[in-house]
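Visitor: I should like to learn how to read a protein model such as this one. Where should one begin?

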Amino acid sequence: MTYPVIPELYGIVAQRLLDEIGGKNYYSGSFSFDYGSKECRFIASLIIYRHTERFPEGDFDRIEDVVPVWWEFHTFDAEGEHPNDFSFSELKHYLF
């Protein structure tokens, strides 16, 4: 059975990923967290494209695009790993 990745879970992954990326233009790493009865692990190498927006009160550097070189999303529980329907394209909707 495929574990469904719901919007709330995408939001958690996106926030954790944005925290990990910080001001970098390249990210390579992983993080794990518990979600209900599941342990989730995200692994990725990503190129981060940024755009500087200029305002009277100062410049703002925002992420314009995230291009995956490699990514994996794993879901585990007491019985082991379960396939899931995680989509990086869907994750991108939560990053910008």
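Guide: Let us begin with burial. A residue is called buried when its relative accessible area is under 20%, exposed when that area is over 50%, and partly exposed in between. Please keep in mind that this is a predicted model.

Visitor: Is Lys38 buried or exposed by that rule?

Guide: Lys38 counts as buried, because its relative accessibility is 11%. The residue lies in strand E2, which covers residues 38–55.

Visitor: Which residues does Lys38 touch, leaving aside those up to four places away in sequence?

Guide: A contact requires heavy atoms within 4.5 Å. Lys38 touches Tyr3, Phe33, Phe76, Asp77 and His82 when residues up to four places away in sequence are not counted.

Visitor: What is the overall architecture around that strand, in helices and strands?

Guide: The protein has 2 helices and 4 strands. Along the sequence these elements follow the pattern α-β-β-β-β-α. The C-alpha atoms fill a box of roughly 55 × 25 × 20 Å along the principal axes. Of the contacts with a separation of 6 or more, 51% are between residues 24 or more positions apart.

Visitor: How much of the protein is buried, as a share of its residues?

Guide: Buried residues make up 32% of the 96 residues. As for the surface, the protein exposes about 5,900 Å², and carbon and sulfur atoms supply 52% of that area.

Visitor: Which residues make the nonpolar surface patch?

Guide: The patch is made by Tyr26, Ile47, Tyr49, Val67, Val69 and Trp70, and has an area of about 580 Å². Two elements give two or more residues to it, namely E2 and strand E3 (58–77). E3 gives the most, with 3 residues.

Visitor: How should Ile47 be classed, and where is it found?

Guide: Ile47 is found in strand E2, the strand that also holds Lys38. Ile47 counts as partly exposed because its relative accessibility is 30%.

Visitor: I should now like to turn to charged side chains. How many salt bridges does the structure hold?

Guide: A salt bridge needs a side-chain nitrogen of Lys or Arg within 4 Å of a carboxyl oxygen of Asp or Glu. The structure holds 6 salt bridges. One of them pairs Asp61 with Arg50, with the closest N and O atoms 3.8 Å apart. This pair links distant parts of the chain, since Asp61 is in strand E3 and Arg50 in strand E2, 11 residues apart.

Visitor: Why is each partner of that pair classed as partly exposed?

Guide: Asp61 is partly exposed because its relative accessible area is 40%. Arg50 is placed in that class because its relative accessibility is 21%.

Visitor: Which residue forms a salt bridge with Glu53, and which with Arg54?

Guide: Glu53 pairs with Arg62, and the closest N and O atoms are 2.4 Å apart. Glu53 counts as partly exposed because its relative accessibility is 23%, and Arg62 because its value is 29%. Arg54 forms a salt bridge with Asp59, where the closest N and O atoms are 2.4 Å apart. Both Arg54 and Asp59 are exposed.

Visitor: How far apart are the mean positions of the positive and negative charges of the protein?

Guide: The mean positions of the 8 positive and 17 negative charges are 5 Å apart.

Methods. Residues numbered from 1 in each chain as written. Predicted model: local features only at pLDDT ≥ 70, side-chain atom pairs only at ≥ 80, totals over all residues. Heavy atoms only, no water. Buried < 20%, exposed > 50% of the residue type's maximum accessible area, 1.4 Å probe, protein only. Patch = residues over 30% accessible without salt bridge, like charges linked within 9 Å, V, L, I, M, F, W, Y side chains within 5 Å. Areas by Shrake-Rupley, 256 points an atom, 1.4 Å probe, with all protein chains shown as cover. Lys, Arg positive; Asp, Glu negative; His and termini not counted. Charge placed at Lys NZ, Arg CZ, Asp CG, Glu CD.
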